[in-house]
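Let's take a walk through this structure together, beginning with a single residue and widening the view step by step. Keep the 3D view open as you read.

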Amino acid sequence: MTSFEFPNASNVQFKGLAQKSSLIAIPLLFLGIYHLSHLVFPELYSSIKYPDSLAIASIADVFGLVAAFYFFSASKMYTSIVKTQGSDITLLLIGNEQMKQALTCLCVTMFLYSARFVALGFAYKAVLEG
Amino acid sequence: MEFSDVENLNFKKLSKVLKFLPASFLLFALVNLLSSLRPNVLQQLIAGAPLIGIENILLIFSCVFAAQGFKKASSCYTLIVETQNNDLSLLTSAGQQMQKAITWSSIVLAIILVRSIQFHATFDLMPK
C-alpha cells in the first residue's frame, strides 16, 4: 500500500464526513433502543397488548443498531485519516468498507421501516376495531 | 492523482451500495405521501399531530434530498473508477455529497423517532 497524505482540503472533508457519520448514528441508536425496549419490556410502557407483527417489525431496529455501530466505526476511521500521518489510503479503504456496511444496513432498515409503517397501520386498525 | 486497482475496487463496491439507497428513501417517502393523501388509521390515531402537517412534508422532502445526495455520491465514486485523472477532486465531491445525504438521512431518522414516540404514547394511554 502506498504511503500517501491527503491535502488539507481533503482532510477538512473527511473531518466533516466523520462528524456526519456520528450524527446519523445517534438517531439510529435511539430508534433501535426505543423500539426494542417496547418489545423486551412491554409492561413498562403499554396497557394494551401490541400485535405480534411488532416483533417481526423490530428486525428493522436490529439492522438500525448494526448500521449505527458501522457508522461510528467509519467515523473513527475518517477521523484517523485527519489525525495520523502516512497511512491515509489504508485508513480510507477501511473507512469506506465500514461505510459500505453501514449504508447496506441503512438501506435494509429504510425498506423495513416502509413495510413496518404499512403493516402496523393495518395491525393497529385491527386492535382498534377488535 | 490516480488510485490503484485495489482502491478502485473499494470505491466500486461503495458506489454499488449507494445505488440502492435512493430507492429505499424514495419508497419511504412514497409510503408517507400516500398516507398523507389518503387519511388512514395512523392519522386518526395521532391526535393533535396530523401527519399531513409540516412534519410529514419535511420528512418527504428530506427523503428526496437524501436520495438525491446518495445518487450524486454514487456517480462521483463511479467516475473515480472510470476516469484516469481528477480522482482527488472527485473524491472530495463524493465526500461532500455523502455529507449532505447523511445530514438529510439524520433528519429523516429524527422525524421517525419523534413520530414513533407520539405513536406509542397514543397507544400506551389506551385502556386495556
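Our starting point is B:Glu55, which sits in helix 3 of chain B. Please bear in mind from here on that this is a predicted model. Is B:Glu55 buried, exposed or partly exposed? A residue needs 20 or more other C-beta atoms within 10 Å to be buried, and 12 or fewer to be exposed. B:Glu55 has 17 such atoms within 10 Å, so it is partly exposed. If you now look for B:Ile111, you will find it 56 residues from B:Glu55 in sequence, yet the two C-alpha atoms are 7.2 Å apart in space.

With that residue in view, let's step back to the chain that holds it. Chain B has four helices and zero strands, and its pattern along the sequence reads α-α-α-α. The chain has 128 residues, and 35% of them count as buried. Pairings such as the one we just met can be set beside the contact statistics of the chain: among contacts in chain B between residues at least 6 apart in sequence, 79% link residues at least 24 apart.

Now turn to the partner chain. Chain A contains five helices and zero strands, so its order from the N terminus, by the helix and strand assignment, is α-α-α-α-α. Of its 130 residues, 38% are buried. Contacts between residues 24 or more positions apart make up 80% of the chain A contacts with a separation of 6 or more.

Within chain A, a good pair of elements to follow is helix 1, residues 8-40, and helix 4, residues 59-83. Two packed helices are described by the angle between their axes and the distance between the axes. Here helix 1 of chain A and helix 4 of chain A pack at an angle of about 160°, and their axes are 7 Å apart. Angles over 145 degrees count as roughly antiparallel, and helix 1 and helix 4 of chain A are therefore roughly antiparallel to each other. The crossing of helix 1 and helix 4 of chain A is left-handed. Where helix 1 meets helix 4 of chain A, the contact residues comprise 18 nonpolar, eight polar and two charged.

Let's follow helix 4 of chain A through three of its residues. A:Gly64 is found in this helix, and it is buried because 30 other C-beta atoms lie within 10 Å. Which residues does A:Gly64 touch, leaving aside neighbours within four places in sequence? They are A:Leu28, A:Leu31, A:Gly32 and A:Thr109. A:Pro27 is 37 residues from A:Gly64 in sequence, and the C-alpha atoms of the two are 9.3 Å apart.

Further along helix 4 of chain A you come to A:Phe72. It has 19 C-beta neighbours inside 10 Å and therefore counts as partly exposed. Beyond its neighbours within four places in sequence, A:Phe72 is in contact with A:Ser22 and A:Ala25. A:His35 is also 37 residues away from A:Phe72 in sequence, but here the C-alpha separation is 20 Å.

The third residue, A:Lys76, belongs to helix 4 of chain A as well. With 16 C-beta neighbours inside 10 Å, A:Lys76 is partly exposed. A:Lys76 and A:Gln19 lie 57 residues apart in sequence, while their C-alpha atoms are 9.4 Å apart in space.

Finally, let's bring the two chains together. The largest nonpolar core has 60 residues, and those touching the most other members are A:Ala67, A:Ala102, B:Phe25 and B:Cys63. Which helices each supply at least two residues of this core? From chain A come helix 1, helix 4 and helix 5 (88-129), and from chain B come helix 1 (5-37), helix 3 (54-82) and helix 4 (87-124). Helix 5 of chain A gives the most, with 12 residues. To see the surroundings of one core member, centre the view on B:Cys63: not counting residues up to four places away in sequence, B:Cys63 touches B:Phe25, B:Leu26, B:Phe28, B:Ala29 and B:Val108. Helix 3 of chain B, where we began with B:Glu55, is thus one of the helices that supply this core, each giving at least two residues.

Technical notes: Residues are numbered from 1 along each chain as its sequence is written. Chains are lettered from A and ligands numbered from 1 in the order in which they are written. This is a predicted model: local features need pLDDT of at least 70, side-chain atom pairs count only at pLDDT 80 or more; totals for chains, interfaces and linings use all residues. Axes are lines fitted to C-alpha atoms, for helices over the stretch in contact, and angles run from 0 to 180 degrees between N-to-C directions. Angles under 35 degrees count as roughly parallel, over 145 as roughly antiparallel, 65 to 115 as roughly perpendicular and the rest as oblique. A crossing is left-handed if the near helix is turned anticlockwise from the far one by less than a right angle, and right-handed if clockwise. Ala, Val, Leu, Ile, Met, Phe, Trp, Tyr, Cys and Pro count as nonpolar, Asp, Glu, Lys and Arg as charged, and the others, Gly among them, as polar. A nonpolar core is a set of buried Ala, Val, Leu, Ile, Met, Phe, Trp, Tyr and Cys residues joined through C-beta atoms within 7 Å. Two residues are in contact if their C-beta atoms, placed from the backbone, lie within 7 Å.
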